[in-house]
Amino acid sequence: EAEEELVPLPFTDTVGHWAESYIQTLYSRGVVSGYSETSFGPDNQLTRAEFSKVLLNLYGISAPPVIENPFKDVDSEAWYAGYVAKMKEMGVIQGYSDGTFRPDQSINRAEALKMIFVIAGKAVDDVDLSASPFTDVDLNAWYAPYVLSAYKANIVSGYRDADGNLTGLFGPGNTVTRGEIAKIATLIFQ
């Protein structure tokens, strides 16, 4: 198998960042881009709309023009409308019970993992929930099997302290950053 050609990153804010190599992999594949020629924003939060675009780009799935808008809070003319409609069509997202998608809301780590597993067609492993390394993952929650399957596959490890030691925390409700998504996406699609 040929070695993947990595393109040098033009961003000044990714130099030395813990996610630099993951960002470089996705950038080289044309999956992610920066905010400008020199800024990627690895610690910036991702909105639900931005995340929809990144996920579809990972698969090279183009977003068709919106014929029928599935959500009442998604403007058919918005840049993300096609991505969101395609994600709904593929069954990756359902939206909220009030008929909204909330495109500008930050996506949290649990939601992001589930969406990645669904679009990747990855089965949730039959994991032993009682063997969870995370003290903040509710074992009865809808997201627990996704988090623990990702942990078992070495896709996520949870937070580390200043010395680099694992804290036992995953932060399922915490917003996900562009750097974190670069890592998860790179590892799940290896």
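Begin the tour by selecting Arg102, which sits in the loop between helix 3 and helix 4. The model on display is a predicted one.

**Stop 1: Arg102 and its partner**

With Arg102 selected, inspect the backbone: phi of this residue is near 60°, a positive value in a residue other than glycine. For context, most residues other than glycine have a negative phi. Next, display the side chain. Arg102 forms a salt bridge with Asp98, and the closest N and O atoms are 3.5 Å apart. Both partners may then be viewed with the surface switched on. Arg102 counts as partly exposed because its relative accessibility is 31%, and Asp98 is likewise partly exposed, at 36%.

**Stop 2: the remaining salt bridges**

How many salt bridges does the structure hold? There are four, and two further examples deserve a visit.

Select Glu111 together with Arg48. Their side chains meet in a salt bridge with an N to O distance of 3.8 Å. Glu111 belongs to helix 4 (residues 109–120) and Arg48 to helix 2 (residues 48–58), so the pair ties together parts that are 63 residues apart in sequence. Are these two residues buried or exposed? Glu111 is buried, with a relative accessible area of 16%, and Arg48 is buried as well, with a value of 7%.

Move now to Lys86 and Glu89, whose side chains meet in a salt bridge at 3.4 Å, N to O. Here both residues lie in helix 3 (residues 81–89), three residues apart, which is about one turn of the helix. The general geometry is helpful at this point: an α-helix has 3.6 residues a turn, so residues three or four places apart point the same way. The surroundings of the two partners can be compared by their accessibility. Lys86 counts as buried, at 19% relative accessibility, under the cut-off of 20%. Glu89 counts as exposed, at 59%, over the cut-off of 50%.

**Stop 3: the nonpolar core**

Hide the charged side chains and turn to the interior. The largest nonpolar core has 58 residues. Which members touch the most other members? They are Phe51, Leu55, Met87, Ile93, Leu113, Met115 and Ile181. Colouring by helix shows where the core comes from: helix 1, helix 2, helix 3, helix 4, helix 5 (144–152) and helix 6 (178–188) each supply at least two of its residues. The largest share, eight residues, comes from helix 4.

Centre the view on Met115. Leaving out residues up to four places away in sequence, Met115 touches Phe51, Leu55, Met87, Val92, Ile93 and Ile107. Among these contacts, Phe51, Leu55, Met87 and Ile93 also appear in the list of core residues that touch the most other members.

**Stop 4: the cavity**

A search of the whole structure finds one cavity of 30 Å³ or more. The largest cavity has a volume of about 40 Å³. To locate it, select the lining residues: Arg109, Leu113, Val156, Phe170, Val176 and Ile184. What classes of residue make up this lining? Five are nonpolar, none is polar and one is charged. Leu113, already met among the core residues with the most contacts to other members, is one of the lining residues.

**Stop 5: helix 5 and the turn beyond it**

Select helix 5 and colour its residues by burial. Its buried residues are Ala144, Tyr146, Val147, Leu148, Ser149 and Ala150. Helix 4 is included in what covers these buried residues.

Continue along the chain to Asn154, which follows helix 5 and has a positive phi near 60°. Asn154 is not a glycine, and its place is in the loop between helix 5 and helix 6. With a relative accessible area of 64%, Asn154 is exposed.

**Stop 6: Thr25**

Finish at Thr25, which is found in helix 1 (residues 20–28). Thr25 counts as buried because its relative accessibility is 11%. Which residues is Thr25 in contact with, apart from its neighbours within four places in sequence? Display Glu4, Leu6 and Thr186, and the contacts of Thr25 come into view.

Methods: Residues numbered from 1 in each chain as written. Predicted model: local features only at pLDDT ≥ 70, side-chain atom pairs only at ≥ 80, totals over all residues. Heavy atoms only, no water. Helix = DSSP H or I, 4+ residues; strand = E, 2+ residues; numbered from the N terminus. Buried < 20%, exposed > 50% of the residue type's maximum accessible area, 1.4 Å probe, protein only. Contact = heavy atoms within 4.5 Å. Core = buried A, V, L, I, M, F, W, Y, C linked by side-chain atoms within 4.5 Å. 1 Å grid on protein atoms, 1.4 Å probe; cavity = no way out; pocket = protein on both sides within 12 Å on 5 of 7 lines; lining within 4 Å. Points joined across faces, edges and corners; volume = space filled by probe spheres on them. Nonpolar A, V, L, I, M, F, W, Y, C, P; charged D, E, K, R; others polar.
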